[in-house]
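Visitor: I would like to learn how to read the features of a structure like this one, beginning with burial and then moving on to the strands. Could you take me through it?

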2 protein chains.
Amino acid sequence: MEEQKKRILLVEDDPNFGTVLKDYLMMNDYEVTHAKNGMEGFEKFKKDDFDLCILDVMMPYKDGFTLAKEIREKNTDVPIIFLTAKTMKEDVLKGYKVGADDYLNKPFDSEVLLMKIKAIIQRKATETISDSKQFEFKIGDFDLNSKLRFLKFKGGDPVKLSPKENELLRLLALHENDLMPRELALTKIWRDDNYFTSRSMDVYIAKLRKYLKLDEKVEILNIHGEGFRLVVNS
Amino acid sequence: MEEQKKRILLVEDDPNFGTVLKDYLMMNDYEVTHAKNGMEGFEKFKKDDFDLCILDVMMPYKDGFTLAKEIREKNTDVPIIFLTAKTMKEDVLKGYKVGADDYLNKPFDSEVLLMKIKAIIQRKATETISDSKQFEFKIGDFDLNSKLRFLKFKGGDPVKLSPKENELLRLLALHENDLMPRELALTKIWRDDNYFTSRSMDVYIAKLRKYLKLDEKVEILNIHGEGFRLVVNS
DNA sequence: CATTTTTGTTAATGTAAGGTTAAATGATAA
DNA sequence: TTATCATTTAACCTTACATTAACAAAAATG
């Protein structure tokens, strides 16, 4: 039974290198879409579902980081590998901030790249078991539509949620009645776990609590030092 | 926001390099156990729970790969980072085979190492969502949920437990009707066994007894000089 | 039985985490 | 640009926790 080939988006402006790499990946049973710059890369990304993105950092018009940021806005989960010239520490660090899964210094060994690709795709595969896209939730008397970013109470008017409010409430809902670790929200939503992001999160928890007050059966409890718990009392 | 410090097992035979690295990691808020060879590394690994292992590949007696294999037999999940000299492709590939999460070529940039450590530990944190076994206990008429840290008596309201209360009660429950040695709790929970931690533990025993008074069939007995025993009389 | 050691209990203290509100900054659209 | 909204930072406050102290009681020791 031939498994579905994994799809890779390769964004690389050097035509020679790009082509060689694409061929090499295809020889190894990946389906590869090659974009020649950041702009084109983003267009192709929007049109298709990819299992992995490989982005060159240095590109004219739109560099790899900017592209990665745009990609992350659309999709918080696709793995991203950066290709950086030499050992540019700056780049590496910046890459991790944007949510890179790995980076490689050019020139690199193609077998190593292959191992990394395999490892990363497999990792995502195991993660994505319970992560099936869920965007609509019933929370007590509320309906949350986190695709359209609104929260509706019984018959009332839907309230618009800001992106952060929305993502946070969605994460809580995904773990309804269970612990939603602080760290999880911070890394998934804020992509950084420090004093300030943590404070920011608390502010958003307060906002959500305000919204949710309409239904007194619904509350967000804190588990000191661990995280929060969205409970619906019946 | 002092979350529990993450624990790293560092196995590195070069004493200078090892010590420097250890200090650097400790300065960055990790708890580091330094083993000077593979043998010692494995002993220490068995004795404790670590969030991450950093293994030098080249070591006398037992090299990093062999050690990694042994570690994997005990634990399929701990992230492992290899330190390999130069760009030894062989090593890198072999490392991935053994289930490495990453590798670094010596010499490496310490900031990069730090980013990798952060990224890897965070990744693991998000993966470890549904481990709901071994966290729920029935103690007489009580239900202990030690993941959500609450203790519920029959129909009553759940009482929140502090981290220490929770861990201690959980340890007692794991040994229900049996001796739970003082030393065990002190090393597992307080990570140190001295006069003060011992006094602190007694304070927590008192707190637990207070909670458990609701059910007169449940009590915590002291075994002088040995430890405590959680008994449920039927 | 007197003394030392271990355990029991309560209260005080210091620190960290979380809550709340408002102001400052950033980002976006009119 | 202004005006508007989203997000972060700041300030201040409250609560939660762990430790330590102080003293009482029990158990062991010789």
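Guide: Let us begin with burial, bearing in mind that the model is predicted. A residue is counted as buried if 20 or more other C-beta atoms lie within 10 Å of its own, and in chain A such residues make up 30% of the 234 residues. The C-alpha atoms of chain A, taken along the principal axes, fill a box of roughly 60 × 45 × 30 Å.

Visitor: What share of the contacts in chain A with a separation of 6 or more comes from residues 24 or more positions apart?

Guide: Residues that far apart along the chain account for 51% of those contacts.

Visitor: How many helices and strands does chain A have?

Guide: The secondary structure of chain A comes to eight helices and twelve strands. Four of the strands form an open sheet in the order S6-S7-S8-S9, with antiparallel pairing. Its edge strands, S6 (136-139) and S9 (159-160) of chain A, each pair on one side only.

Visitor: Which residue is the bridge partner of A:Asp143 in S8(A)?

Guide: The partner is A:Lys152, and this belongs to the pairing in which four bridges join S7 (residues 142-145) of chain A to S8 (residues 150-153) of chain A, the two strands running antiparallel.

Visitor: And in chain B, how many residues lie between S6(B) and S7(B) in their hairpin?

Guide: Two residues lie between them, and in the turn B:Gly140 has a positive phi of about 55 degrees. Four bridges join the antiparallel strands S6 (residues 136-139) and S7 (residues 142-145) of chain B, and B:Phe137 has B:Leu144 as its bridge partner in S7(B).

How values were computed. Residues numbered from 1 in each chain as written. Chains lettered and ligands numbered in written order. Predicted model: local features only at pLDDT ≥ 70, side-chain atom pairs only at ≥ 80, totals over all residues. Pairing = 2+ DSSP bridges. Buried ≥ 20, exposed ≤ 12 C-beta atoms within 10 Å, placed from the backbone. Contact = placed C-beta atoms within 7 Å.
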